[in-house]
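This report introduces a protein structure to a reader who has not met it before. Please look over the sequence and the structure shown here before reading on.

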Amino acid sequence: MTSHGDEIEEEQISRIEKGKGTDCHGRIETVICTSPSIVCLTQKLIAEMIGTYFVIFSGCGVVVVNVLYGGTVTFPGVCVTWGLIVMVMIYSTGHISGAHFNPAVTVTFAVFRRFPWYQVPLYIGAQLAGSLLASLTLRLMFKVTPVAYFGTTPTDSAARALVAEIIISFLLMFVISGVSTDSRAIGELAGIAVGMTIMLNVFVAGPISGASMNPARSLGPAIVMGVYKDIWVYIVGPVVGVMAGGLVYNFIRFTDKPLRELTKSASFLRSVSPNNNASSRDGVANLTNYNEQVRTGEIQEEQISRMEKGKCKDHEGIETVICTSPSIVCLTQKLIAEMIGTYFLIFSGCGVVVVNVLYGGTVTFPGVCVTWGLIVMVMIYSTGHISGAHFNPAVTVTFAVFRRFPWYQVPLYIGAQFTGSLLASLTLRLMFKVTPEAYFGTIPADSSVRALVAEIIISFLLMFVISGVATDNRAVGELAGIAVGMTIMLNVFVAGPISGASMNPARSIGPAIVMGVYTGLWIYIVGPVVGIMAGGFVYNLIRFTDKPLRELTRSGSFLRSVSPKHKASSKS
């Protein structure tokens, strides 16, 4: 759909957003906007209030129902409900209000100039109103006992709950920023990515803090039920975590989405400020121009390499460390993305193992499997367009062996991956009193030989799927994150009880070093390396077509190039 935004002056856009626009005949001022490309403020606020209402009603409601009806829903069911309600409300109202539903998210977007400040108090008011109304509805519907309280309170330590809230809120905003504000991200899957992030965060931190991530989610029930115990945790934690997540992603961002494109659709979590339309048009032109130049060979390999190493020049000819090209990601950004991605992969996946043991098996083994699959999926969609989202030394080496990744970056990537794994393992050790039963590394359940065979086979499958969805022109690359994430999930279901389902040397070595447990560690180096190399080799034999190496290294993405040429070919 073509936007009429170019024909509307900034002043008129601002008036329409405030509900002061004229009707289609240009005569009568209306409260509800009649422009096909601008959503007025009244409509946004109603959408935010309704969206927040249903997020709280469904998410908190399932908590009450699970307690009052004998645990019928189960804890995994509660986690799934939270993820699904956020996902469906994003797709229902994101194109109207941006689907924030969270005061911390709204403030963070405003801080980073992705949302107008004058709308911030109005959005927060709408979000709190939705939360209060939903909480009041639940109180009137049910006889809520203290056990069935649907707010959030720390299970044991307020300090542990605070740390958990900061980390999971960081992850939430990091994913939101990755899928909604970067021009190379697959924006159509943003609702899935954010909803699944909520789901996995509830799996990981629900038994610790209740996994709020949202001041409105905690304040509404607290006010209606009159329970204010440690409420500060659920204000400070989400605000600090969300702000930090936005700041870090802002540092490694590939490119901004054109502002005019964001405002015309008012799509999920995007800026609605009309101030930079001209610069947005320039951004679209620059991106298209660079993609075309790279495709036709006008940008030489040497120049691409300089940009990837952070030796690019800005528009004034000054060399910068952070890449300013709209089509090249510099090495510094890639390494930070790899480290953060691996950190959250280990923190969430290994963390849910610890939580499941220390909190009485609440998560369950299927919940552990689901968490591993979801964290891989959401981190692929958040950072794949920056670093390629390897998160695995064996994958990085295999891509290099088959000339799909530059060798000079291999040791740097592996270093970033191990750093992320070590930091995540250290975080878990400091957060929890990890007993031998709650060890979050990988050791064979019984036979070392059986564990080795299992690791080789599931690692083969993982790399076979990665190769299929990432390096073949005819694959549906937009779904690569889902395919790889679900491969991880099913592999944990199959091999988790046998070997722990590592598939990744960094996943096993980090916890082993931090906890000092080296039993059978060689299995988790040899198995993944052999399996992944074999999987890449076999797919190479049956590959339909190769993607150009320059295209893969240019974007750093093992998921899919989204240059205009390939968009056209994928449509056909």
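The report takes up the chain as a whole, then two helices, and then some individual residues.

**The chain and its confidence**

The model is predicted. Its chain has a mean pLDDT of 82, with 75% of the residues at 70 or more. Two stretches call for caution. Over residues 21–34 the pLDDT stays under 50, and the model has 29 contacts for them beyond four places in sequence. Residues 303–327 also have a pLDDT below 50, and this stretch has 70 contacts in the model beyond near neighbours in sequence. Where pLDDT is low, the predicted coordinates should not be read in detail.

The chain contains 22 helices and zero strands. Of its 572 residues, 59% count as buried. Among contacts between residues at least 6 apart in sequence, 76% join residues at least 24 apart. The exposed area of the chain is about 22,100 Å², and carbon and sulfur atoms supply 64% of that area.

**Helix H5**

Helix H5 spans residues 120–141 and has 22 residues. From its first C-alpha to its last, H5 reaches 32 Å, close to the 32 Å expected at 1.5 Å a residue. The buried residues of H5 are Val120, Tyr123, Ala126, Gln127, Gly130, Ser131, Ala134, Ser135 and Leu138. Because these residues cover an arc of only 160° around the axis, they lie on the same side of H5. The cover over them includes helix H2 (41–68), helix H3 (75–97), helix H4 (103–111) and helix H8 (215–225). On the face of H5 turned away from the buried side are the exposed residues Pro121 and Leu140.

**Helix H19**

How is helix H19 placed with respect to the rest of the structure? Nine of the 11 residues of H19 (residues 505–515) are buried, so this helix is largely enclosed by the rest of the structure. The buried residues are Pro505, Ala506, Arg507, Ser508, Ile509, Gly510, Pro511, Ala512 and Val514. Among the elements that cover them are helix H13 (331–358), helix H14 (365–387), helix H15 (393–401), helix H16 (410–431) and helix H20 (523–542).

Both ends of H19 have a local feature to note. At the start, a side-chain oxygen of asparagine 504 comes to within 2.9 Å of the backbone nitrogen of alanine 506. After the helix comes glycine 516, with a positive phi near 70°.

**Individual residues**

Serine 209 lies in helix H7 (residues 190–209). With a relative accessible area of 0%, serine 209 is buried. Its side chain makes a polar contact of 2.6 Å with the side chain of glutamate 165. Apart from neighbours within four places in sequence, serine 209 is in contact with Thr152, Thr153, Thr155, Ala161, Ala164, Glu165 and Tyr234.

Most residues other than glycine have a negative phi. Alanine 99 has a positive phi although it is not a glycine, and threonine 364 likewise has a positive value in a residue other than glycine. The table sets out their values and locations.

| Residue | Phi | Location | Relative accessible area |
|---|---|---|---|
| Alanine 99 | about 55° | loop between H3 and H4 | 4%, buried |
| Threonine 364 | near 75° | loop between H13 and H14 | 26%, partly exposed |

How values were computed. Residues numbered from 1 in each chain as written. Predicted model: local features only at pLDDT ≥ 70, side-chain atom pairs only at ≥ 80, totals over all residues. Heavy atoms only, no water. Helix = DSSP H or I, 4+ residues; strand = E, 2+ residues; numbered from the N terminus. Expected span 1.5 Å × (residues − 1). Buried < 20%, exposed > 50% of the residue type's maximum accessible area, 1.4 Å probe, protein only. Arc of directions from axis to C-beta. Contact = heavy atoms within 4.5 Å. pLDDT = per-residue confidence, 0-100. Areas by Shrake-Rupley, 256 points an atom, 1.4 Å probe, with all protein chains shown as cover. Polar contact = N/O pair within 3.5 Å; in protein donor to acceptor, adjacent residues only side chain to side chain.
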